[in-house]
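Dear colleague,

I am passing on the structure we spoke about, and it is shown just below. My notes on what was found in it follow after that.

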Amino acid sequence: MLFRSDPKNVYIEIEGHTDNVGSENGNFELGLMRAEAVKRYLYMQHQVPLHKINIISYGEQKPVAPNNTRDGRAQNRRVVIRVLS
């Protein structure tokens, strides 16, 4: 993992996303919970320091596929991990 070789200037941003089913506030919270679950995993399983991880929820605001099909909604329920240096 990148943190073990050069952890100084490396940060992780975790984005939680949802489809458009449900309320906007509910989807924001769901996106936050998804991102938080990944943050916990990285901390517990890979010892990534918590101060190196930032989480954000976009809820239903940034779809990658149309929400009018089952497959499209499934693609929009996701977490994106960005490694920043």
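Among the contacts in the protein chain between residues at least 6 apart in sequence, 70% join residues that are at least 24 apart. Please keep in mind while reading that this is a predicted model, and that what I describe here was computed from it.

As for the overall layout, the protein chain has three helices and three strands, and from the N terminus on these elements follow one another in the order α-β-α-β-α-β. Taken along the principal axes, the C-alpha atoms fill a box of roughly 45 × 20 × 20 Å. The chain has 85 residues, of which 31% count as buried, and its accessible surface comes to about 5,600 Å², with 53% of that belonging to carbon and sulfur atoms.

The part I looked at in some detail is strand β1, which covers residues 11-17 and pairs with both of the strands described next. With strand β3 (residues 79-84) it runs antiparallel, and six bridges join the two; within this pairing, I12 has V83 of β3 as its bridge partner. With strand β2 (residues 53-59), on the other hand, β1 pairs in the parallel sense, again over six bridges, and here the bridge partner of H17 is G59 of β2. The two parallel strands also belong to a right-handed β-α-β unit, in which helix α2 (residues 24-46) is the helical member between β1 and β2.

How many of the seven residues of β1 are buried? Six of them are, so that the strand is mostly covered. In a regular strand the side chains alternate between the two faces of the sheet.

One residue of this strand deserves a closer look, namely H17, which lies in β1. Is H17 buried or exposed? Its relative accessible area is 1%, and because the cut-off for buried is under 20%, H17 counts as buried. The surroundings of H17 can be described through its contacts: leaving aside residues up to four places away in sequence, H17 touches G31, R34, Y58, G59, K62, N76, R77, R78 and V80. G59, the bridge partner of H17 in β2, is therefore also one of the residues that H17 touches by the contact cut-off of heavy atoms within 4.5 Å. Within β1 itself, the side chain of H17 makes a polar contact with the side chain of E15, at 3.0 Å.

With kind regards

Key
Residues numbered from 1 in each chain as written. Predicted model: local features only at pLDDT ≥ 70, side-chain atom pairs only at ≥ 80, totals over all residues. Heavy atoms only, no water. Buried < 20%, exposed > 50% of the residue type's maximum accessible area, 1.4 Å probe, protein only. Helix = DSSP H or I, 4+ residues; strand = E, 2+ residues; numbered from the N terminus. Pairing = 2+ DSSP bridges. Right-handed = clockwise from strand over helix to strand, strands pointing away. Polar contact = N/O pair within 3.5 Å; in protein donor to acceptor, adjacent residues only side chain to side chain. Areas by Shrake-Rupley, 256 points an atom, 1.4 Å probe, with all protein chains shown as cover.
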